[in-house]
Amino acid sequence: MLRVRTVPSLELILMGSMDWLTTIIGIFYFGAVEANPFIANIASTSLPAFTTVKLATTIVVGLLFYQAKKLLEKTQDKTSQAFKLTGAILRTAYVTVNALLLIAILNNVLVMTHLL
């Protein structure tokens, strides 16, 4: 029986949490603003609501990646083209989400250092 590794999902949750933390520090201590137009209004009006939305989204995305990998590993024919393509798409999506989170974190740190 194959075991699904949880490290990639936990890494996404950690990266999302770091994005949240650097955003909160930037807003609260440096007067920065949230650049994401979907949640900018929440961030400017209620930090607890912003925290809830941001961290809940982060956890849901991490769990979705975990469940997708777990479901993929249950596939009987691991040599099929569909299995290989789905695995490649999942890996690409994971790398893309990680890269976007890293960019967001670096942007937050750069904004804070610029505001010093």
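# Exercises on a Predicted Helical Model

The buried residues of helix H4 are Phe-83, Gly-87, Leu-90, Tyr-94, Asn-98, Leu-101, Ile-105, Asn-108 and Met-112. The model examined in these exercises is a predicted one.

## Exercise 1. The cover of H4

Task: State what covers the buried residues of H4.

Solution. The cover of these residues includes H1 and H3. The spacing of the buried positions may be read with a general rule in mind. An α-helix has 3.6 residues a turn, so residues three or four places apart point the same way.

## Exercise 2. The span of three helices

Task: Determine what span H4 should have at 1.5 Å a residue, and repeat the check for H3 and H1.

Solution.

Step 1. H4 has 35 residues and should therefore span 51 Å; its end C-alpha atoms lie 51 Å apart, which agrees.

Step 2. H3 has 27 residues, so the expected span is 39 Å, and the C-alpha atoms at its ends are 39 Å apart, in agreement.

Step 3. H1, residues 7–30, has 24 residues and should therefore span 34 Å; the distance between its end C-alpha atoms is 33 Å, which agrees. After H1 comes Gly-31, whose phi is positive, near 70°.

## Exercise 3. H1 against H4

Task: Decide whether H1 and H4 are roughly parallel or roughly antiparallel, and describe their contact.

Solution.

Step 1. The axes of H1 and H4 come within 9 Å and cross at roughly 20°.

Step 2. Angles under 35 degrees count as roughly parallel, so H1 is roughly parallel to H4. The crossing of the two helices is left-handed.

Step 3. From H1, the contact residues include Leu-12, Met-15, Gly-16, Asp-19 and Thr-23; from H4, they include Tyr-94, Asn-98, Leu-101, Ile-105, Asn-108 and Met-112.

Step 4. Sorted by class, the contact of H1 with H4 has 15 nonpolar, 6 polar and 2 charged residues.

## Exercise 4. H1 against H3

Task: Find how H1 is oriented relative to H3, and which residues of H1 are buried.

Solution.

Step 1. H1 and H3 pack at an angle of about 165°, and their axes are 8 Å apart.

Step 2. Angles over 145 degrees count as roughly antiparallel, so H1 is roughly antiparallel to H3. H1 passes H3 in a right-handed crossing.

Step 3. Among the residues that make the contact are Ser-9, Leu-12, Gly-16, Trp-20 and Ile-27 of H1, together with Phe-50, Lys-54, Thr-58, Gly-62 and Phe-65 of H3. The contact of H1 with H3 divides into 12 nonpolar, 7 polar and 2 charged residues.

Step 4. The buried residues of H1 are Ser-9, Leu-12, Met-15, Gly-16, Asp-19, Thr-22, Thr-23, Ile-24, Gly-26 and Ile-27. Their cover includes helix H2 (40–45), H3 and H4.

## Exercise 5. H3 against H4

Task: Establish at what angle the axes of H3 and H4 cross, and which residues make the contact.

Solution.

Step 1. The axes of H3 (residues 47–73) and H4 (residues 81–115) come within 11 Å and cross at roughly 165°. H3 and H4 are therefore roughly antiparallel to each other, and H3 passes H4 in a left-handed crossing.

Step 2. H3 contributes Phe-65, Ala-68, Lys-69 and Leu-72 to the contact, while H4 contributes Phe-83, Thr-86, Gly-87, Leu-90, Ala-93, Tyr-94 and Val-97.

Step 3. By class, the contact of H3 with H4 has 8 nonpolar, 2 polar and 1 charged residues.

Step 4. In H3, the residues Phe-50, Thr-51, Lys-54, Thr-58, Gly-62, Phe-65, Leu-72 and Glu-73 are buried. H1, H2 and H4 are included in what covers them.

## Exercise 6. Two residues compared with the cut-offs

Task: Classify Thr-58 as buried or exposed, and give the relative accessible area of Asn-107.

Solution.

Step 1. Thr-58 lies in H3. Its relative accessible area is 12%, and buried means under 20%; Thr-58 is therefore buried.

Step 2. Beyond its neighbours within four places in sequence, Thr-58 is in contact with Leu-12, Ile-13, Gly-16 and Ser-17. Thr-58 and Gly-16 are 42 residues apart in sequence, yet 5.4 Å apart in space, C-alpha to C-alpha.

Step 3. Asn-107 is placed in H4. Its relative accessible area is 40%, so Asn-107 is partly exposed. Between Asn-107 and Thr-23 there is a separation of 84 residues in sequence and 9.6 Å in space, C-alpha to C-alpha.

Terms used. Residues numbered from 1 in each chain as written. Predicted model: local features only at pLDDT ≥ 70, side-chain atom pairs only at ≥ 80, totals over all residues. Heavy atoms only, no water. Axes fitted to C-alpha atoms, helices over the stretch in contact; angles between N-to-C directions. Helix = DSSP H or I, 4+ residues; strand = E, 2+ residues; numbered from the N terminus. Parallel < 35°, antiparallel > 145°, perpendicular 65-115°, else oblique. Left-handed = near helix turned anticlockwise from the far one by under 90°. Contact = heavy atoms within 4.5 Å. Nonpolar A, V, L, I, M, F, W, Y, C, P; charged D, E, K, R; others polar. Expected span 1.5 Å × (residues − 1). Buried < 20%, exposed > 50% of the residue type's maximum accessible area, 1.4 Å probe, protein only.
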